[in-house]
Amino acid sequence: QVQLVESGGGSVQAGGSLRLSCAASINTYSMYCMGWFRQAPGKEREGLATITGGGSTTYADSVKGRFTISRDNAQKTLYLQMNSLKPEDTAMYYCAAHGWIGGDCANYRLTGAYDYWGQGTQVTVSS
């Protein structure tokens, strides 16, 4: 059974940084695509970034250049480094996974393609 646990959220002022982590209990972690998503109150869940088991990444335009997704396959941990945070980045942040056999991850816009989800960690950015 796959379990994902996010951590690292908190409150920060605009312009600040946070690093989110997602610890996975997956036997074959490198065989999974991983992604970061967020959902603000009253809004749909938004895909932010994905990373294949081999380390290839994609980013949504809203976070490109500010956020960096990475993974440590040995530690079975996913990361999201968030810099230059803005008040509009305030949301619950989730990590998610789907099986991967090569090629690209499912597009970050396709939240339904991700089979496993964490419980989320709250990020609040104040102006």
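The following paragraphs describe the fold, the nonpolar cores, the disulfides and several individual residues of a predicted model.

The chain contains zero helices and 11 strands, and the order of elements read along the sequence is accordingly β-β-β-β-β-β-β-β-β-β-β. For a chain of 127 residues, a compact globule would be expected to have a radius of gyration near 14 Å, and the value of 13 Å computed for this chain agrees with that expectation. Taken along the principal axes, the C-alpha atoms occupy a box of roughly 40 × 25 × 25 Å. Of the 127 residues, 46% count as buried, while the accessible surface of the chain amounts to about 6300 Å², with carbon and sulfur atoms contributing 46% of that area. Among contacts with a sequence separation of 6 or more, 61% are made between residues that lie 24 or more positions apart.

The interior of the model was examined in terms of its nonpolar cores. The largest of these comprises 32 residues, of which Leu4, Met34, Leu78, Leu80, Met82 and Tyr93 touch the most other members. Two or more residues are given to this core by each of strand 3, strand 4, strand 5 (46-51), strand 7 (67-72), strand 8 (77-82), strand 9 and strand 11. A second core of seven residues is separate from the largest one and includes Cys33, Cys105, Ala106 and Tyr114. The surroundings of Met82 can be described through its contacts: when neighbours within four places in sequence are left aside, Met82 is in contact with Gly16, Ser17, Leu18, Leu20, Arg66, Phe67, Tyr93 and Val123. Tyr93, listed among these contacts, is itself one of the core residues that touch the most other members.

Two disulfides are present in the model. In one of them, Cys22 is joined to Cys95 with an S to S distance of 2.0 Å, and the torsion about the S-S bond is about 60°, so this disulfide is right-handed. The link connects distant parts of the chain, with Cys22 located in strand 3 (residues 18-25) and Cys95 in strand 9 (residues 91-99), 73 residues apart. Both Cys22 and Cys95 are buried. The other disulfide is formed by Cys33 and Cys105, whose sulfur atoms are 2.1 Å apart; with a torsion of -100° about the S-S bond, the link of Cys33 and Cys105 is left-handed. This pair also links distant parts of the chain, 72 residues apart, with Cys33 in strand 4 (residues 32-39) and Cys105 in the loop between strand 9 and strand 10 (116-117). Cys33 and Cys105 are likewise buried, and these two cysteines are included in the second nonpolar core. When the bonded cysteines are numbered in sequence order, the pairing of the chain reads 1-3, 2-4.

The loop between strand 9 and strand 10 also holds Gly102. Gly102 has a relative accessible area of 34%, which lies between the limits of 20% and 50% and therefore makes this residue partly exposed. The C-alpha atom of Gly102 is separated by 15 Å from that of Tyr114, a residue 12 positions away along the chain. Tyr114 is included in the second core, together with Cys105.

Thr121 is located in strand 11 (residues 121-126). Its relative accessible area is 10%, which is under 20%, so Thr121 is classed as buried. A polar atom of the Thr121 side chain lies 3.1 Å from the backbone nitrogen of Gly9. Gly9 also appears among the contacts of Thr121 beyond four places in sequence, which are made with Glu6, Ser7, Gly8, Gly9, Leu20, Ala91, Met92 and Tyr93. Leu20 and Tyr93, both in contact with Thr121, are also contacts of Met82.

Backbone torsions were considered last. Most residues other than glycine have a negative phi. Lys76, although not a glycine, has a positive phi of about 55°, and this residue is placed in the loop between strand 7 and strand 8. With a relative accessibility of 26%, Lys76 counts as partly exposed. Ser84, which is not a glycine either, has a positive phi of about 50° and is found in the loop between strand 8 and strand 9. The relative accessible area of Ser84 is 41%, and this residue is therefore also partly exposed.

Technical notes. Residues are numbered from 1 along each chain as its sequence is written. This is a predicted model: local features need pLDDT of at least 70, side-chain atom pairs count only at pLDDT 80 or more; totals for chains, interfaces and linings use all residues. Side-chain values use heavy atoms; hydrogens and water are left out. Helices (H or I, at least four residues) and strands (E, at least two) are DSSP runs, numbered from the N terminus. Buried means under 20% relative accessible area, exposed over 50%, partly exposed in between (1.4 Å probe, protein chains only). A polar contact is a pair of N or O atoms within 3.5 Å; within protein, one must be able to donate a hydrogen and the other to accept it, and residues adjacent in sequence count only if both atoms are side-chain atoms. Contact means heavy atoms within 4.5 Å. A disulfide is a pair of cysteine sulfur atoms within 2.5 Å. The radius of gyration is taken over C-alpha atoms; the globule rule is 2.2 Å times the number of residues to the power 0.38. Accessible areas come from the Shrake-Rupley method with a 1.4 Å probe; for residues, only the protein chains shown count as cover. A nonpolar core is a set of buried Ala, Val, Leu, Ile, Met, Phe, Trp, Tyr and Cys residues joined through side-chain atoms within 4.5 Å.
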